[in-house]
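Hi,

Here is the model I said I would pass on. Have a look at it first, and my notes on what turned up follow below.

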Amino acid sequence: MNSADPKTQDYRPLAWIAAMALFMQSLDATILNTALPAISRSLNQSPLEMELAIISYALTVAAIIPLSGWIADRFGTLFTFRAAVFIFVLGSLACALSTNLDALVASRILQGVGGALMLPVARLAIIRNVEKSQLIVAWNLMAMSGLIGPVLGPILGGWIVTHASWPWIFLINLPIGIIGIIVVGKYMTNSYGNAGKLDWAGFLLFAAGLVTTTYGLDVIAENLANKSKAVILILSGIMLLIAYYLYALRAKNPLIPLSLLRFRTFNLGILGNLFIRISGSGIPFLLPLMWQVAFHFDAQTSGFMLAPIAISSILAKSVVTKILYRFGYRNSLVVNALLMAAAIGAMSRFTQDTPLWLYILIMMWYGCCISLMFTAVNTLAVCDLPDNLAGSGSTILSMMQQLGIGVGIAISSVVLALFREYFGQTENLVSAFSHTFLVSSLFAVFLAILMSRLHPEDGNNLRHRKSIKN
């Protein structure tokens, strides 16, 4: 390989660029949870009806991710990455300037467009320009920043709304993004690929189906009286997804290849990922609301109390591979899903007088469980895919992760709204939260049942690879 070959490029600059993108996304995804009550007061909204501010971002990312590879191939990695960061920063500024919930949601959608492109394009630049022997090191460097974001996010969000004002949780993205736009040109080339013809019809059907279905759930959460409107939206979304399936059966190069469905481990991995998110994505959303709205803790305290989840998740990474190798995927996932259900069930017993040490213990218990679940299910989904479908499988996995976040929070909001109506809007708010956690734990039980369908040998081929990555 001669010196002009782009594959001789040092992995570290590109890895740090990808790490910056992942850090901005992971920080933004977690910093908002503890700030929602403060934002709701400023926008004259109920803090229990602010879920759309989070759902809108996750759904936008899920819908746009399938386009990221085509856009990078068509316009080049450097141009696309810079445009993505610029859109993300512009969306962050718009969020900070929002004066009502509708404006905030629209700004979050703009943020999501940039967020959907940043990380996939940065990863693509690494794949195209870095030796394969350095990919694992580059990926690990990038992944660490993704683990730091969830630790700092809740703490920083709580501190900012306590000592400053909520717009600063978005404004902190501006200097990071501007530096990234300037610096990235020194290390990333504007490499192109074979863009081909984009499946616009498939994209519109699939994206519309995802958004319409999830928005229907949010309509119920906001106002239970809108059941008929919500049902129409949900059924319309399901019909659009069915229409995409029928379309993809005939399409030559569909957006999402249906040939992926031939692989049992991929199907179980994708379904498992969705159930993990449905069960677990509502937890970082529900806990700060319960602590601040029902228990009247301040935002800074709530932020610190969420940190043990992320810290234990990081610590658990060192033993996840050993557990999977020792007990196998099926046994590890079934037992871990039940432990996760028990941890979420234990949260239903939280009261204002629960000792701090018990809060921390249960938070860390849950963090360890979710860490193993994510690592195992993500690798399980792609372990049996051939090389020609690995890229599509990885894209679908990333999309389902974001979709699961949106659906998980929407379902948690609907369940909370139903229990609030049953127990009373204010008098028994603690009971409403408690029963919502119990329902969330049931999804983890369903996850255990789903994972029991794995074969004992599933995932064994990963033992011969160098590492298991998130």
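**Thr 395 and what surrounds it**

Let me start with one residue: Thr 395 sits in helix H15. Keep in mind as you read that this is a predicted model. Is Thr 395 buried, partly exposed or exposed? Its relative accessible area is 28%, and because the partly exposed class runs from 20% to 50%, Thr 395 falls in that class. Once residues up to four places away in sequence are set aside, Thr 395 touches Ile 65 and Pro 66. There is also a long-range pairing in that part of the chain: the C-alpha atoms of Thr 395 and Gly 69 are 8.9 Å apart, although 326 residues separate the two in sequence.

**The chain as a whole**

Stepping back, you will find 16 helices and zero strands in the chain. Of its 470 residues, 56% are buried. The accessible surface adds up to about 19,900 Å², with 66% of that belonging to carbon and sulfur atoms. As for contacts, take the ones between residues at least 6 apart in sequence: 83% of these join residues at least 24 apart.

**The second largest pocket**

Now for a pocket that you may want to open in your viewer. The second largest pocket has a volume of about 670 Å³. Which elements give two or more residues to its lining? They are helix H8 (200-222), helix H9 (227-250), helix H10 (264-280) and helix H15 (387-423), so the helix that holds Thr 395 is on that list. The lining counts 24 residues, and those nearest the centre of the pocket are Phe 206, Leu 241, Leu 261, Ile 270 and Met 400. Sorted by class, the lining is made of 20 nonpolar residues, four polar ones and no charged ones.

**Three of the lining helices**

H8 first. Trp 200 is found in this helix, and it counts as partly exposed at 46% relative accessibility. The C-alpha atom of Trp 200 is separated by 9.3 Å from that of Pro 254, which is 54 residues away along the chain.

Next, H9. Its 24 residues should span 34 Å at 1.5 Å a residue, and the end C-alpha atoms are 35 Å apart, so the two values agree. The buried residues of H9 are Ala 230, Leu 233, Ile 234, Gly 237, Tyr 244 and Ala 248.

H10 gives a similar check on length: 17 residues at 1.5 Å each should span 24 Å, and the end C-alpha atoms are 24 Å apart, which agrees. H10 is mostly covered, with 13 of its 17 residues buried. Asn 273 lies in this helix and counts as buried, because its relative accessibility is 0%. What does Asn 273 contact, leaving aside its neighbours within four places in sequence? The partners are Val 377, Asn 378, Leu 397 and Gln 401.

**Met 347 in H13**

Another buried residue is Met 347, with a relative accessible area of 0%. Met 347 is placed in helix H13, which covers residues 329-347. Not counting residues up to four places away in sequence, Met 347 touches Ile 283, Leu 287, Ile 362, Met 363, Tyr 366 and Phe 437. One of these partners, Tyr 366, is 19 residues from Met 347 in sequence and 9.6 Å from it in space, C-alpha to C-alpha.

**Two loop residues with positive phi**

Last, some backbone angles to check. Most residues other than glycine have a negative phi. Asn 44 has a positive one, near 60°. Where is Asn 44? It lies in the loop between helix H1 (11-42) and helix H2 (52-75), and it is exposed, with a relative accessible area of 70%.

His 296 also has a positive phi, near 65°. This residue is in the loop between helix H11 (282-294) and helix H12 (299-327). His 296 has a relative accessible area of 62%, and since exposed means over 50%, His 296 counts as exposed.

Cheers

Definitions and conventions:
Residues are numbered from 1 along each chain as its sequence is written. This is a predicted model: local features need pLDDT of at least 70, side-chain atom pairs count only at pLDDT 80 or more; totals for chains, interfaces and linings use all residues. Side-chain values use heavy atoms; hydrogens and water are left out. On a 1 Å grid over the protein atoms alone, a cavity is a set of points where a 1.4 Å probe fits but cannot get out, and a pocket is an open set with protein on both sides within 12 Å along at least five of seven lines; lining residues have an atom within 4 Å of a point. Grid points are joined across faces, edges and corners, and a volume is the space filled by probe spheres set on the points. Helices (H or I, at least four residues) and strands (E, at least two) are DSSP runs, numbered from the N terminus. Ala, Val, Leu, Ile, Met, Phe, Trp, Tyr, Cys and Pro count as nonpolar, Asp, Glu, Lys and Arg as charged, and the others, Gly among them, as polar. Buried means under 20% relative accessible area, exposed over 50%, partly exposed in between (1.4 Å probe, protein chains only). Contact means heavy atoms within 4.5 Å. Accessible areas come from the Shrake-Rupley method with a 1.4 Å probe; for residues, only the protein chains shown count as cover. The expected span of a helix is 1.5 Å times one less than its number of residues.
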